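Q: Could you take me through one part of this model up close, and then show me how that part sits in the rest? I'd like one connected answer rather than a list.

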Amino acid sequence: MLQATHIHFCIRQRPIVREASMEVKPGEIMAILGPNGAGKSTLFRLLAGELKCTRGKINYNGASIEGLKPKELATVRAVMPQHSTVNFPFTAQEVIELGNSSHQASHPEKNLQEVMKLTQTSFFKDSLYQNLSGGEKQRVQLARVLLQIWEKKPFPRYLLLDEPTSSLDISQQHLVLNILQKLKNQNIGILVILHDLNLAAHYADRIALLKDGQVAAIGKVKEVFKESLLSDVFDHPIRLIHHLESDQVLVSSNEFYNYPLKTTKQA
Amino acid sequence: MILSSTIAKSKYNGIVLTGMSMGLLIIGILSLSAGAYSISFSQTIQILLDQVGLASQEINTSASNVLLQIRLPRILIATLIGGGLGISGAALQGMFRNPLVEPGLIGVSSGSALFAVIFIVFFSQLLNNFPLINQLGLPLFAFIGGLINVLAVYRLSRGQGKTDTATLILAGVAINALAGSLIGLSLFFADDSALRSFTFWSLGDLGSSSWTKFPTALLLIGLPAILLLTEARNLNALSLGEREAFHMGISIQRVKLRLLILSALIVGIGVSIAGMIGFVGLVVPHLIRIGFGANHRIVLPASFLLGAILLNLADLIARTAVAPAELPIGVLTALIGTPFFIWLIFKLNLSKN
């Protein structure tokens, strides 16, 4: 389990993350939602091990993150930052293979093939990364981080993604999140920052709402997706529309919809 | 299918590297026979065969002396320095994630030259009675100067985990200007012989290469170059960014320190032997990336070989173009390198639009 207990992080005495606690279990998708400036990215970097907490503890499978060397950390978790640029003419496959940088995999070729199949990256593997479209680049990066933790291990692994869908069109967004869903049965726990509330409602198992560096709410989608709570966290009127047949929630801003919809029921 | 493509690729890399090694060997033999004192090609081969005990006929002693005592060490040292500049340029470009980085542009060479001049002007006389310290002091000083400058530029140009190209170039300009003015200041206290060697530092010259300098070059350029080769994997990870490299399990601070020290060592020793030779470290890795891709497994060794080939070629021209006089080699590399680089920028711009 990836576990953060009362983590606190300050920049020049100003708290960015305040007493935040959360956990990511293997086999679940945990989504972090919150307005801009809520401290999502800082929390993400703390969990990834890039920053050290001022106070509090982060444990990966019971081991404190402070005691793990970069190489050991890389075997339990892989991280996909928001934007990764490549300044040199690497091919897509070469970028994916960077996932093997710090460890010797026992079946590197098999892993590579499986990862490229899952992310649908094999047919442009020999193209230069720089020439790929935004969606293709994102899938290549996803393949790279997957390769890093692809091999089955006796312990659970974790995947941390910072807004993996931010620059993608709707079909690419669902493609990426569908890939994440397929990882759940591989003993991998997924933590993902999302901006789109609808995507989070659709794909996440649990959701943490962040506001002003604090965890405002954490729990299953149904527990967290309440109109008053979301409106409060995002400082914006938010309306939930429940789809009757599929038990799905649709999120909308209710500024322009101040009338009751016939096909919906209030939460 | 992927398996076979990977093998095909490493096979291809092997062919590329073998081909370049052959090219280097041919240019080396060509350089041995060419020069102010003419030695025919067949004579050259014979003298070389004689050295390994396969002599078939009488050989000319003065030709043999010129070849073995003057030209051979010079070619070997040119190979080490040219290769060193190529591989350290490739490593620094990879580390800074910036294709414009070059030991000369970011101040490594000028830092080395400054400290070398300081050593010659202020310490060389004092240590005249200790020839060994005197011989080791110069490369040591050059290395320290290069290291100080590269660390300074690195610190200045970094913010938010990235190196910004504009700041990097500005930091390089500033550091170069400072080193240049300090060299000028040191020369104020210098005698005539130190003044002459300043011309040498600033223009680059392989003329003073000899067997006595070869062990230093072999040990302090050759060994760091081999150590740089083992950093290919780390450099590949770093080309995605320092954050990403850390995520992938690289201890980036240690790796960066190793890369900086090894590059400063190579460039510093090179400067202490042959002065500032520009553009090799800039142009060579570019050519390799255009030709064979950005994977450092090929970029590093191929940059060494191409750097060695280019410097030997430049030295061959420097020795023969105005024979019996010689052109300073730094002038030649800049003369060939600059227009080429401008053409390169145009071409890259065109392909972008």
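What percentage of the 267 residues of chain A count as buried? And with that as background, please look closely at helix α5 of chain A.

A: Sure. Keep in mind that this is a predicted model. For chain A, 42% of the 267 residues count as buried.

Now for helix α5 of chain A, which runs over residues 134–148. Its 15 residues should span 21 Å at 1.5 Å a residue, where the expected span counts one less than the number of residues, and the C-alpha atoms at its ends are 22 Å apart, so the two agree. The helix is mostly covered, with 12 of its 15 residues buried. Those buried residues start at A:K137 and include A:Q138, A:R139 and A:V140, and also A:L146, A:L147 and A:Q148. Charged, polar and nonpolar residues are all in that set, for instance A:R144, A:Q141 and A:L142. To count as buried, a residue needs 20 or more other C-beta atoms within 10 Å of its own.

What does the covering? Among the elements packed over the buried residues of α5(A) are the helices α2 (70–76), α3 (92–97), α4 (108–118) and α6 (170–182) of chain A. Strands β6 (77–80) and β7 (157–162) of chain A are part of the cover too.

Stepping back to the whole chain, chain A has 9 helices and 12 strands. Its radius of gyration is 19 Å, close to the 18 Å from the globule rule for 267 residues, so chain A is as compact as a globular protein of that length. Along the principal axes, its C-alpha atoms fill a box of roughly 60 × 45 × 35 Å. Of the contacts in chain A between residues at least 6 apart in sequence, 66% join residues at least 24 apart.

The domain assignment splits chain A into domain 1 (2–236) and domain 2 (237–267). Their C-alpha centres lie 29 Å apart. Where the two meet, 11 residues of domain 1 of chain A are in contact with 10 residues of domain 2 of chain A. On the domain 1 side, α7 (197–203) and α9 (227–234) of chain A each supply at least two residues. That side has 5 nonpolar, 4 polar and 2 charged residues.

Two loop residues of chain A are worth a glance for their backbone. A:D235 sits in the loop between α9 and β11 (238–242) of chain A, and has a positive phi of about 55° although it is not a glycine. It has 9 C-beta neighbours inside 10 Å, so A:D235 counts as exposed. A:R12 also has a positive phi, about 45°, and is not a glycine either. You'll find A:R12 in the loop between β1 (2–11) and β2 (14–24) of chain A, and with 4 C-beta neighbours inside 10 Å it counts as exposed.

Back to the buried side of things. In the largest nonpolar core, which has 173 residues, those that touch the most other members are A:A31, A:L47, A:L191, A:A200, B:I81 and B:A116. The biggest contribution comes from helix α13 (residues 296–320) of chain B, with 15 residues. As for A:A31, leaving out residues up to four places away in sequence, it touches A:V192, A:L194, A:A200, A:A204 and A:I207.

That brings in the partner chain. Here 23 residues of chain B are in contact with 26 residues of chain A. On the chain B side, α1 (2–33), α9 (232–238) and α10 (242–247) each supply at least two residues, and α10(B) gives the most, with 4 residues. By class, that side has 9 nonpolar, 9 polar and 5 charged residues.

Chain B itself comes to 14 helices and 2 strands. Its radius of gyration is 21 Å, which agrees with the value near 20 Å for a compact globule of 353 residues. Buried residues make up 46% of chain B, and 79% of its contacts between residues at least 6 apart in sequence join residues at least 24 apart.

One last spot in chain B is B:G145, in helix α5 (residues 131–157) of that chain. It has 30 C-beta neighbours inside 10 Å and therefore counts as buried. Not counting residues up to four places away in sequence, B:G145 touches B:G111, B:S112, B:L114, B:F115 and B:G268.

Notes. Residues are numbered from 1 along each chain as its sequence is written. Chains are lettered from A and ligands numbered from 1 in the order in which they are written. This is a predicted model: local features need pLDDT of at least 70, side-chain atom pairs count only at pLDDT 80 or more; totals for chains, interfaces and linings use all residues. Two residues are in contact if their C-beta atoms, placed from the backbone, lie within 7 Å. A nonpolar core is a set of buried Ala, Val, Leu, Ile, Met, Phe, Trp, Tyr and Cys residues joined through C-beta atoms within 7 Å. The radius of gyration is taken over C-alpha atoms; the globule rule is 2.2 Å times the number of residues to the power 0.38. Domain bounds come from an automatic or database domain assignment.
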